[in-house]
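Got a minute to go through a fold with me? I'd like to ask why certain labels get used, and hear the reasoning behind each one.

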Amino acid sequence: MKFIDLTPAPTVPRDGWDRPLVIPKQGGKPVALTRTTTFIDCIEDKSALSDWKSRNTLIGAAKRPDLLDVVRQLDPEEPTDKRRLNQLAEQAQDIAGANVKREKGTHLHTLSEYVDRGEPLPAGASAADQRDMTAYLMETLDFEVRAVEKFVVVPELRTGGTFDRTLEYAGPDPDGNHIEGLFIGDLKTGSVKYSELKMAMQLAVYSRGEFYDYTHFPVDRADKKAFAAWKKREVPAEEAAQAYTPLTGVSQKWGIIINLPAGSGECTLHWVDLEIGWAAARLALDVRATRSVKGAMRPWVSGVTDTKAA
C-alpha cells in the first residue's frame, strides 16, 4: 500500500464546546459547526453505552471508595456540585479502565501510518502490535492511501469533521462488479457489531464534504484577546471561498471500514452503503430540527370561558 499525503490537517479553531469554527463559504464571521460525530449521534440507540458507563462508574467507585467520601459532601441539586459530580463520575470510569480501549485505538492508528508509509514500526512496539500491524498490512495491500485526517465541512448539514483516510481501490464491489476510484475509509479498532448505521452515516457525511483549509484565517486560540477579535472579523465572500476545495472523485455510494480490534491480530474489511448512511443523516437533520420546535406544551387555562372567542 502506497501513501501519498500523510500530513494531517492543522487543528481547526474551536469554541468552548469543542465545535469547529469556520468562515462560511459565502463570507462573514466565523460560525460554529456541529461535529460530524455529534450530529449523527441523535438517532443512535445509546442504551448500551449508558449501561456501560454506569457499570464502569460503579467499578471505579469500588476501586477508589475515597471518591464516595467526596460525593457525600455534594448537593446533586446545586449547579456547581453537579459539575463536580460529573467530574467524579468521569474519574471513576477512568479508574475502571473505560478509556483504555480509546488509548489503544489511538496507538494503533499511529502505528498504521508507519505501515502505510512502508516504514518499520518504532522501537518498543510490542509483539501484539506486530501481529496487529501484520494483519493490517495483509488486508490493505489492495489500497493506496491518498490522504489522512483531513477536515471537511458539509454546509447542507452545518457539520464539520475530520475523516480518517481516503483509499484508492480497483476491484470487485459488494456485488462482484468491477469498481475503482477513491473511497472514504476508516480504521476501527473496536467491535463494529452494533455500529453499522452510525459508521455508514459518518462516512456518508464525509464523502459529501468540502475540504476546508483554516490556515487561510490563522488565529492563536491561546491568545484570548486575539481570538475574541478573530471571531468578530467579517471576511469577504471572495476571500472565504479560497479556503474551500471540492472533495472530487470520492465515491458517495460505498465506503470502506478496516476493522482491527486491538490485540486480536485479526483485520477484516467491510463495505458500508453510503446511500443508506446519507438517508439516515438527512433524517438526523430532521430530528435535530424537530428538537427545536416550540409550543408542544401550553399552560392550563382555568376559570371563566372567553365567550367572545367561541
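Strands here are DSSP runs of E with at least two residues, numbered from the N terminus. By that numbering, Asp-18 sits in the segment before strand 1 (21–22). One caution up front: this is a predicted model.

Q: What makes residues 21–22 count as strand 1?
A: A strand needs at least two residues in a DSSP run of E. Strand 1 covers 21–22, so that run meets the minimum. In total, the protein has 10 helices and 10 strands.

Q: What is noted about the phi of Asp-18?
A: Its sign. Most residues other than glycine have a negative phi. Asp-18 has a phi near 65°, a positive value, and is not a glycine. Glu-149 also gets a mention, with a positive phi of about 50°; this residue lies in strand 4 (residues 144–154).

Q: Why is Glu-149 called partly exposed?
A: Buried means under 20% relative accessible area and exposed means over 50%, with partly exposed in between. Glu-149 comes out at 29%, so partly exposed is the right label.

Q: How do you know that Arg-35 and Asp-18 form a salt bridge?
A: The cut-off is 4 Å from a Lys or Arg side-chain nitrogen to an Asp or Glu carboxyl oxygen. Arg-35 and Asp-18 have an N to O distance of 3.2 Å, so the pair qualifies. The two residues are 17 apart in the chain, with Arg-35 in strand 3 (residues 34–35) and Asp-18 in the segment before strand 1. Both are partly exposed, Arg-35 with a relative accessible area of 33% and Asp-18 with 35%. Arg-14 joins in as well: Arg-14, Asp-18 and Arg-35 are linked in a network of salt bridges.

Q: Why is Glu-210 called buried?
A: Glu-210 has a relative accessible area of 16%, and the limit for buried is under 20%, so the label holds. Its salt-bridge partner Lys-25 has 37%, so Lys-25 falls in the partly exposed range.

Q: What makes Glu-210 and Lys-25 a salt bridge, and what does the pair tie together?
A: Their closest N and O atoms are 2.8 Å apart, so they fall within the 4 Å limit. Glu-210 lies in strand 7 (residues 210–212) and Lys-25 in the loop between strand 1 and strand 2 (31–32), so the bridge ties together parts 185 residues apart in sequence.

Q: And why does the pair Glu-44 and Lys-198 count?
A: The closest N and O atoms of Glu-44 and Lys-198 are 3.5 Å apart, so this pair also comes within 4 Å. Glu-44 is in the loop between helix 1 (36–40) and helix 2 (47–63), while Lys-198 is in helix 7 (residues 196–207), 154 residues away. Using that rule throughout gives 18 salt bridges.

Q: What makes Leu-137 eligible for a nonpolar surface patch?
A: Patch residues need over 30% relative accessible area and no salt bridge. Leu-137, in helix 6 (residues 127–139), has 34%, so the area requirement is met, though the residue still counts as partly exposed. Leu-137, Met-138 and Leu-141 make a patch of about 280 Å².

Technical notes. Residues are numbered from 1 along each chain as its sequence is written. This is a predicted model: local features need pLDDT of at least 70, side-chain atom pairs count only at pLDDT 80 or more; totals for chains, interfaces and linings use all residues. Side-chain values use heavy atoms; hydrogens and water are left out. Helices (H or I, at least four residues) and strands (E, at least two) are DSSP runs, numbered from the N terminus. Patches are made of residues with over 30% relative accessible area and no salt bridge: like charges are joined within 9 Å, nonpolar side chains (Val, Leu, Ile, Met, Phe, Trp, Tyr) within 5 Å. Accessible areas come from the Shrake-Rupley method with a 1.4 Å probe; for residues, only the protein chains shown count as cover. Buried means under 20% relative accessible area, exposed over 50%, partly exposed in between (1.4 Å probe, protein chains only).
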